[in-house]
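Hello,

Here is the structure I promised to pass on to you. Please have a look at it first, and then read my notes below.

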Amino acid sequence: VTTITHSPVRVATKTEILDGELFFVDGVLVAVASKLSSSHNSEAGKWFTEACFGQLESTQKRLFDTLPDLTAFIAQHYA
Amino acid sequence: MDSHIVLRKLLLHGDLSTEEKNAFLSLIETPRTVEAQRVMVEEESAPQHSLVLLDGFACRFKSLTGDRRQILSFQIPGDISDVHSYILKVMDHSVMTLTQSIVAEMKHDRIREVCERFPNLTHVIWRDTMVESAIFREWLTTIGQLPAVSRVAHLLCEQYFRLKAVGRASGNSVSLPLTQSDIADALGISVVHANRTLQELRQMRLIELRSRTLTILDWEQLAKIGVFRQRYLHYRDHHHS
């Protein structure tokens, strides 16, 4: 049974600093996600995978509406 | 006659006699309007005619699994968007409009007929397709080796420079109806990064991009960031510069 956890972090883009989350599978870092700010227009508030590692590395960078959606996506790749 | 958009484009690549110009213009069938976001030529089809874009904006692309696509090039007025199909017969990519466009067909058997009669015209058309290949080499280099900000800067420089060459610039501005999703699919970056990169270029006061109009505020700096050197476009006026 894999355990997926996340903990808050601040993420730098070239133009601003965003709230983000580090995602771990059994304590191993697999993704850095940021919550998009108002400067991202209609995507504001969504979660974006800024960087992915391990099984997620070959996935496309993409958007999720909620943190549970992102957690479910990670779970799929570590099922 | 030289003001015809297709001749403006071809004359960037070589001189043509009046007879050759007339022969080329005679290839262009009655133009028609095509709505935005319509696939005009499908990959793996075998069209009997090539298409020339007289107005609007189009792109070549390859479809991938899911809803992914790679945009291979943008087509601006004057571009013959699939002269390849005359030689290669079966399309290895698709062509679609991005905005409402005006296009005209050029029948393959008539292209062959005119090319056999006018070797210099054939040479100029050949040169035009060679320059397209040069643009692909440039994109490959840029996308393969440069960071997102350079890719976007390069793309904007190229579109501005090409539009200006066919008389579609007004001062430092051109109509550039690309969405962030188009830019992302052309440059191999996410839509989020396309958005951020455009903002970065705006914040640096290099460009303005609003209501589908691109204004270049600092050409020199934008070209530097994009590693844009116009030589690869092989326009005659720039040969010796």
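How many cavities of 30 Å³ or more does the count come to? The answer is 2. Please keep in mind as you read that this is a predicted model.

Cavities

The largest cavity has a volume of about 140 Å³. Its lining is made up of 17 residues, and the closest to its centre are B:F74, B:D79, B:E132, B:I135 and B:R162. If you want to find the place by secondary structure, look at β5 (69-75), α5 (119-145) and α6 (148-165) of chain B, the elements that give two or more residues to this lining. Of these, α5(B) gives the most, with 6 residues. By class, the lining of the largest cavity holds 6 nonpolar, 4 polar and 7 charged residues.

The second largest cavity contains about 40 Å³ of space. The residues around it are B:W139, B:T142, B:I143, B:R151, B:H154, B:L155 and B:L187. Here α5 and α6 of chain B turn up again, each supplying at least two residues of the lining. This lining divides into 4 nonpolar residues, 2 polar and 1 charged.

Where the chains meet

Next comes the interface. Chain A brings 14 residues to the contact and chain B brings 11. Between them the two chains bury about 1,000 Å², and 51% of that is on carbon and sulfur atoms. Which three residues supply more than any others of the area that chain A buries against chain B? They are A:K14, A:T15 and A:Q60, with 43% of that area.

A:K14 is worth a second look: this residue forms a salt bridge with B:E200, with the closest N and O atoms 3.3 Å apart. In total, 2 salt bridges are found across the interface of chain A and chain B. There are also 5 residue pairs in polar contact across the interface, counting pairs with both residues at pLDDT 80 or more. On the side of chain A that touches chain B, the residues divide into 4 nonpolar, 7 polar and 3 charged.

Pockets

The largest pocket has a volume of about 690 Å³. Both chains take part in its lining of 22 residues: A:Q60, A:K61, B:D185, B:I189 and B:S190 lie nearest its centre. You will recognise A:Q60 from the interface, where this residue is one of the three that supply 43% of the area chain A buries against chain B. From chain B, β5, α7 (180-187) and α8 (191-203) each supply at least two residues of the lining of the largest pocket. The classes there are 7 nonpolar, 8 polar and 7 charged.

The second largest pocket has a volume of about 240 Å³. It is lined by 11 residues, and those nearest its centre are B:Y86, B:I87, B:I125, B:W126 and B:T129. The elements that give two or more residues to its lining are α3 (84-88), α4 (108-117) and α5 of chain B. How do the residues of this lining divide into nonpolar, polar and charged? There are 8 nonpolar and 3 polar residues, and no charged ones.

If you open the model with one element in mind, I would suggest α5 of chain B: α5 gives residues to the lining of the largest cavity, to that of the second largest cavity and to that of the second largest pocket.

Happy viewing, and best wishes

Conventions:
Residues numbered from 1 in each chain as written. Chains lettered and ligands numbered in written order. Predicted model: local features only at pLDDT ≥ 70, side-chain atom pairs only at ≥ 80, totals over all residues. Heavy atoms only, no water. 1 Å grid on protein atoms, 1.4 Å probe; cavity = no way out; pocket = protein on both sides within 12 Å on 5 of 7 lines; lining within 4 Å. Points joined across faces, edges and corners; volume = space filled by probe spheres on them. Helix = DSSP H or I, 4+ residues; strand = E, 2+ residues; numbered from the N terminus. Nonpolar A, V, L, I, M, F, W, Y, C, P; charged D, E, K, R; others polar. Contact = heavy atoms within 4.5 Å. Buried area = accessible area lost by both parts, 1.4 Å probe. Salt bridge = Lys/Arg side-chain N within 4 Å of Asp/Glu carboxyl O. Polar contact = N/O pair within 3.5 Å; in protein donor to acceptor, adjacent residues only side chain to side chain.
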